[in-house]
Amino acid sequence: MNVQKIVSAFHRQFPGAGEPIVARAPGRVNLIGEHTDYNDGFVLPMAIDAQIMLAGSLRTDQEVHLYSLDFQSGVQFSLQDLKRSTTASWSNYIRGVCAMFLEFTALKGMNIVLTGNVPQGAGLSSSAALEVGTALLIRNLHGLDTDAVALVKLAQRAENEFVGVNCGIMDQFISMLGKKGHVLFLDCRSLEYELVPVPFAANNAAIVVIDSAVKRGLVSSEYNLRRSQCEAAVEQLKQDLPHVRALRDVNTANLDLVEKLPSDLRKRARHVITENQRVLDAAKHLAAGNLQEFGQLMNQSHASLRDDYEVSCGELDLLVELAQSVPGTYGSRMTGAGFGGCTVTLISNEYIDQLKDVVSEHYPRQTGLQPRIFVFNASEGAEQLA
Ligand code: GLA
């Protein structure tokens, strides 16, 4: 979808509504640093060239009229009575963002048309993209001066408090602040970040994302359980290390203290602590263009998520093993929250077809599921296009 098309669709849907502005926000793939964001740790995500696009204009009343081009369905609500919808659940991300703005400013009603090509329910953050795109659209339509990081926090709160998913800050942050040709190294405590140029194309390599097609059923209960286990591990580690506020404050030199924790807490903490170190190392290897070392860390990350954090599943493990069996693969791992969703693989361009063949041959046969395979480039974060 391009700007002209969404603007024409807007005029068809809302004749006489005036000229809309157009905003876009991308999905993301996390290269390394999984389940570290809510432990105040480090992440290394990349904005992908799949996005949500919205065209919107102001109304004179307090009504919001939405139309999804993808679902070919519309929904209306009042800013004076924001409630979660059970029938049009996609609209809850937009309602939630409105609710967060209304905490500090008045809003006018809006007409909004939206469309997107971020695969949904695949762990590529289509919901964060929708929240961030909406936040940018609303800010710009109302001429507010809310800065990018404040919009990120607002979008995350919409998901936590309105939609009711207790996610960390990574997905909204990368969707807002990603940069074309770069990955984003983020310190999730200070929110300081660095954009690292991707050395993939220069090294004749690419990022391939494979959707396992496993419906991520357990994700929110297991996600919340992992979060509480990390907090419980922090409480216990404080006895030996009083300065510890989050697992981020424990480094690999203190792993001997972690070994004293009860089994499940030990494994969870060990993953987070070693993963944070892997992100720091990975960012250095990436900046140095060392894809070999970077790929090794991706492989180690997967093993840790599978064995210690226990958020992988047979289908993701199979996809990772298949990718690792292809000679041009530098590294492969599950990405996102887990229990389904996607894997991410760094691979030499000339082996991508072989990877596709191996996956298409073995994965459906062993799982009964049809994988979807994407080659993504690092794209620009959210922006107003017109
Ligand atoms: C989901 C959450 C993120 C992050 C990842 C795991 O994508 O939305 O905040 O916690 O899981 O790394």
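A residue counts as near the ligand here if one of its heavy atoms lies within 4 Å of it. Everything below comes from a predicted model.

**View 1. The shell of residues around the ligand.** From the N-terminal side of the numbering, this shell takes in Arg28, Glu34, His35, Asp37 and Tyr38, among others. Cys167, Gly168, Met170 and Asp171 are also in it, and so are Tyr223, Gly336 and Ala337. Sorted by class, the shell comes out as 5 nonpolar, 3 polar and 4 charged residues.

**View 2. Polar contacts with ligand oxygen atoms.** Two acidic residues reach the ligand through their side chains: a polar atom of Asp37 sits 2.5 Å from a ligand oxygen, and one of Glu34 sits 2.6 Å from a ligand oxygen. Gly168 joins in with its backbone instead, placing an N or O atom 2.8 Å from an oxygen of the ligand. As for cover, the ligand on its own has 310 Å² of accessible area, and the protein covers 92% of that.

**View 3. The second largest pocket.** This one has a volume of about 180 Å³. Its lining includes Met46, Gly181, Val198, Phe200 and Ala201, along with Ala205, Ala206 and Ile207, and finally Val375, Phe376, Asn377 and Ala378. Strands β9 (205-211) and β12 (372-376) are the elements that give two or more residues to the lining, and β9 has the largest share, with 3 residues. Class by class, that's 10 nonpolar, 2 polar and no charged residues.

**View 4. Helix α8 and what follows.** How far apart are the end C-alpha atoms of helix α8? They are 36 Å apart, which agrees with the 36 Å that its 25 residues (263-287) should span at 1.5 Å a residue. Just past α8, Gly289 takes a positive phi of about 70°.

Note on methods
Residues are numbered from 1 along each chain as its sequence is written. This is a predicted model: local features need pLDDT of at least 70, side-chain atom pairs count only at pLDDT 80 or more; totals for chains, interfaces and linings use all residues. Side-chain values use heavy atoms; hydrogens and water are left out. A polar contact is a pair of N or O atoms within 3.5 Å; within protein, one must be able to donate a hydrogen and the other to accept it, and residues adjacent in sequence count only if both atoms are side-chain atoms. Accessible areas come from the Shrake-Rupley method with a 1.4 Å probe; for residues, only the protein chains shown count as cover. Ala, Val, Leu, Ile, Met, Phe, Trp, Tyr, Cys and Pro count as nonpolar, Asp, Glu, Lys and Arg as charged, and the others, Gly among them, as polar. On a 1 Å grid over the protein atoms alone, a cavity is a set of points where a 1.4 Å probe fits but cannot get out, and a pocket is an open set with protein on both sides within 12 Å along at least five of seven lines; lining residues have an atom within 4 Å of a point. Grid points are joined across faces, edges and corners, and a volume is the space filled by probe spheres set on the points. Helices (H or I, at least four residues) and strands (E, at least two) are DSSP runs, numbered from the N terminus. The expected span of a helix is 1.5 Å times one less than its number of residues.
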